[in-house]
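Here's a protein to explore from the inside out. Have a look at the fold first, then we'll walk through a few of its contacts together.

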Amino acid sequence: LSTVAAVGGDALRMRADDLRRHVLGRPSALNKAIGDFVCHFVTMGAQMAVCLATHSPEERLCRWLQMIHVRTPGRERFPFSESQIASLLNMEAHTAMLAIRVLEQAGLIQYHEQQVEILDKEGLQEGCCDCLTIFQEQMERIQRPAQA
């Protein structure tokens, strides 16, 4: 099992056996928060499948960049390789690069040396598919404190 962080930040971790022993087997706010997170995460996964099947690569790229931008306030530039972008968009790298070039030509972003810079925040948001709102609502639910 591994985790990939596309944009750096702080995190906490716990050994799986400690989690099972001290958290999952007991009623607690943390146990409820984990259950809520899993539920919302599964919902987001289902929405992601719908998004991949119905929206253009450019709309999906706008959505991903907007979601990242919202979660990293004050940052306008992000490290992204072509392979990472292709993975996020679920397509070949050359097709993902076409989506990047479309957004560049629209003046929304600049892509240089595996860095995406957001140039037009409002334009980027307007280019997003409708899934952005759904994902933002799910993230707000995940981030709310759990009620024990």
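Let's start with Ile85: skipping its neighbours within four places in sequence, this residue is in contact with Leu61, Phe80, Ala96, Ile100, Tyr111 and Val116. Keep in mind that you're looking at a predicted model.

Ile85 is also part of a bigger picture. The largest nonpolar core has 32 residues, and Ile85 is listed among those with the most contacts inside it, along with Leu61, Leu65, Leu89, Leu103 and Ile109. Several elements each chip in at least two residues, including α2 (29-54), α4 (82-89) and α7 (131-143). The largest share, six residues, comes from α3.

So who does α3 pack against? One partner is α5: their axes are 9 Å apart, at an angle of about 75°. Angles of 65 to 115 degrees count as roughly perpendicular, and α3 and α5 are therefore roughly perpendicular to each other. On the α3 side you'll find Pro57, Glu58, Leu61, Cys62 and Leu65, which meet Ala99, Ile100, Val102 and Leu103 in α5. Sorted by type, the residues of this contact are eight nonpolar, no polar and one charged.

Now for the strands. Here's how β3 pairs up:

| Pair | Sense | Bridges |
|---|---|---|
| β1 (residues 77-79) and β3 | antiparallel | three bridges |
| β2 and β3 | antiparallel | four bridges |

Pro79 has Gln115 of β3 as its bridge partner, while Gln110 sits opposite Glu117 in β3. In the hairpin of β2 and β3, two residues lie between the strands, and Glu113 takes a positive phi near 50°.

Which β3 side chains are buried? Val116 and Ile118 are, pointing to one face, whereas Gln115 and Glu117 point to the other and are not buried. In a regular strand, side chains alternate between the two faces of the sheet.

Key
Residues are numbered from 1 along each chain as its sequence is written. This is a predicted model: local features need pLDDT of at least 70, side-chain atom pairs count only at pLDDT 80 or more; totals for chains, interfaces and linings use all residues. Side-chain values use heavy atoms; hydrogens and water are left out. A nonpolar core is a set of buried Ala, Val, Leu, Ile, Met, Phe, Trp, Tyr and Cys residues joined through side-chain atoms within 4.5 Å. Buried means under 20% relative accessible area, exposed over 50%, partly exposed in between (1.4 Å probe, protein chains only). Contact means heavy atoms within 4.5 Å. Axes are lines fitted to C-alpha atoms, for helices over the stretch in contact, and angles run from 0 to 180 degrees between N-to-C directions. Angles under 35 degrees count as roughly parallel, over 145 as roughly antiparallel, 65 to 115 as roughly perpendicular and the rest as oblique. Ala, Val, Leu, Ile, Met, Phe, Trp, Tyr, Cys and Pro count as nonpolar, Asp, Glu, Lys and Arg as charged, and the others, Gly among them, as polar. Two strands pair if DSSP finds at least two bridges between them.
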